[in-house]
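Me: I am new to this structure and should be grateful for a close look at a single part of it. Please treat that part at length and connect it with its surroundings.

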Amino acid sequence: MSQSVSSSASCRFPLPAEVVGQIYLADNLAVLRELPDASIDLIYIDPPFNTGKVQQRTQLRTVRSEEGDRVGFQGRRYQSIVIGSRRFQDTFDDYLAFLEPRLIEAHRLLAPHGSLYFHGDYREVHYCKVLLDAIFGRDCFLNEIIWAYDYGGRPKDRWPAKHDNILLYVKNPSQHVFNVEEIERIPYMAPELVGPDKAARGKLPTDTWWHTIVPTTSKEKTGYPTQKPLGILRRIVQASSRPGALVLDFFAGSGTTGRAALELGRRFLLIDNNPEALEVMARRFDGIRGIEWIGFDPSPFQKRQQAPKPKTLRK
């Protein structure tokens with residue numbers, strides 16, 4: 001099987017053995033309500049942050065030009081050419097009322113060993129934690145992870161906001177998956193203080209993750225406004241799911257969750273209602289066999305032949 005396309009948003013579940021992932025262009029709540037109880041091993045979501053703004057990312061290409069608007073090395077001039085733009089409205093009159101039914105479904109869908117990573121920011125995360133406490137129970141709250149980065153503007157009237165918040169909830173605190181030995185270790189900040197063996201092995205990350213945003217010149221860059229780094233999603237999938245697990249992201253955006261799942265031998269369900277997000281994912285998963293597309297035809301945005309089918313994954 002290379003890939004299949006369905007105009008219907010109805011689910012085909014459980015996933016056939018040859019399917020590594022499903023990608024939906026649909027209202028996420030409608031799809032979530034079709035999925036069976038306790039069928040998902042890991043959920044990561046990065047819902048809109050309710051900033052009240054239009055989120056937009058413009059991609060530029062620079063070419064040498066005597067009339068250019070930029071000056072580079074040795075005074076050479078370059079012209080900026082816009083090659084693409086992605087945008088979506090990030091405003092909700094009642095943000096929590098929008099999230100609540102979707103989070104209730106997320107709780108129902110998680111297997112007893114499952115985990116939910118909820119990615120937010122300083123504007124709304126406190127309200128979202130109160131909502132999640134009510135749905136999951138306060139004893140199922142495991143961590144608040146701080147993703148810290150150093151990029152963007154620096155206001156002069158307050159401390160610059162340079163972090164996102166990721167709330168980790170589990171379905172059952174005594175059964176959840178946490179693969180501590182499989183988590184990629186990070187260097188010690190002062191390796192000379194811990195000895196050569198420990199320094200060579202590295203240390204486990206804490207609940208503060210220092211990680212750059214996706215660099216503008218990176219091959220990873222898709223042009224989607226809110227794209228998150230693959231390194232962040234790799235760490236989440238690695239820590240909180242087993243090989244062959246089913247990973248769900250119902251605010252899928254550029255598809256980073258699916259990409260991390262594929263790399264680590266997991267299967268995925270991605271849902272988004274923005275056609276531009278599906279276009280980005282079509283390009284990003286070009287050449288990957290075993291993906292079902294529901295409500296969207298990726299072929300106009302893909303160029304490569306389908307790659308050899310991956311080995312069948314075991315649950």
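My request concerns two helices: is the crossing of α5 and α6 left-handed or right-handed? Please describe these helices closely, together with what lies around them.

Reply: The model is a predicted one, and within it the crossing of α5 and α6 is right-handed. The two helices are described below, after a brief view of the chain.

The chain contains seven helices and 13 strands. Of its 315 residues, 45% are buried. Among contacts with a separation of 6 or more, 69% are between residues 24 or more positions apart. The accessible surface of the chain is about 16,400 Å², and carbon and sulfur atoms account for 51% of that surface.

Helix α5 covers residues 230-240 and helix α6 covers residues 256-263. Their axes lie 9 Å apart, and the helices pack at an angle of about 55°. Since an angle from 35 to under 65 degrees falls in the oblique range, α5 and α6 are therefore oblique to each other. On the α5 side, the residues that meet the partner helix are L230, L233, R234 and V237. On the α6 side they are T256, T257, R259, A260, A261 and E263. Sorted by class, this contact of α5 with α6 consists of five nonpolar, two polar and three charged residues. The general geometry of a helix is useful here: an α-helix has 3.6 residues a turn, so residues three or four places apart point the same way.

Helix α5 itself is mostly covered, with nine of its eleven residues buried. These buried residues are L230, I232, L233, R235, I236, V237, Q238, A239 and S240. Three of them, L230, L233 and V237, also belong to the contact with α6. The cover over the buried residues of α5 includes α6 together with the strands β3, β7, β8 (141-148), β9 (163-170) and β10 (208-210).

In α6, the buried residues are T256, T257, G258, A260 and A261. Four of these, T256, T257, A260 and A261, take part in the contact with α5. The elements that cover the buried residues of α6 include α5, the strands β3, β11 (246-249) and β12 (267-272), and helix α7 (275-284). Strand β3 thus appears in the cover of α5 and also in the cover of α6. Just after α6 comes G265, which takes a positive phi of about 75°.

S240 gives a closer view of the surroundings of α5, the helix in which this residue lies. Its relative accessibility is 2%, so S240 counts as buried. Apart from neighbours within four places in sequence, S240 is in contact with D41, L42, S115, Y117, V177, F178 and N179. One of these partners, D41, is 199 residues away from S240 along the chain, yet the C-alpha atoms of the two are separated by 8.4 Å.

The contact between S240 and S115 leads to strand β7 (residues 110-120), where S115 has its place. With a relative accessibility of 1%, S115 counts as buried because the cut-off for burial is under 20%. Setting aside neighbours within four places in sequence, S115 touches D41, L42, I43, L110, L168, Y169, V170, H176, V177 and S240. D41, L42 and V177 are therefore among the partners of S115 and of S240, where contact means heavy atoms within 4.5 Å.

Strand β3 (40-45), part of the cover of both helices, follows a loop that connects it with α1 (28-32). A38 lies in that loop. Although A38 is not a glycine, this residue has a positive phi of about 55°. At 38% relative accessibility, A38 counts as partly exposed, whereas S240 is buried.

For another pair of helices, consider α2 (residues 95-109) and α3 (residues 125-136), which pack at an angle of about 35° with their axes 10 Å apart. Here too the crossing is right-handed. By class, the contact of α2 with α3 has eleven nonpolar, one polar and one charged residues.

In summary, α5 and α6 cross in a right-handed manner at an angle of about 55°, and nine of the eleven residues of α5 are buried.

Methods: Residues numbered from 1 in each chain as written. Predicted model: local features only at pLDDT ≥ 70, side-chain atom pairs only at ≥ 80, totals over all residues. Heavy atoms only, no water. Helix = DSSP H or I, 4+ residues; strand = E, 2+ residues; numbered from the N terminus. Buried < 20%, exposed > 50% of the residue type's maximum accessible area, 1.4 Å probe, protein only. Areas by Shrake-Rupley, 256 points an atom, 1.4 Å probe, with all protein chains shown as cover. Axes fitted to C-alpha atoms, helices over the stretch in contact; angles between N-to-C directions. Parallel < 35°, antiparallel > 145°, perpendicular 65-115°, else oblique. Left-handed = near helix turned anticlockwise from the far one by under 90°. Nonpolar A, V, L, I, M, F, W, Y, C, P; charged D, E, K, R; others polar.
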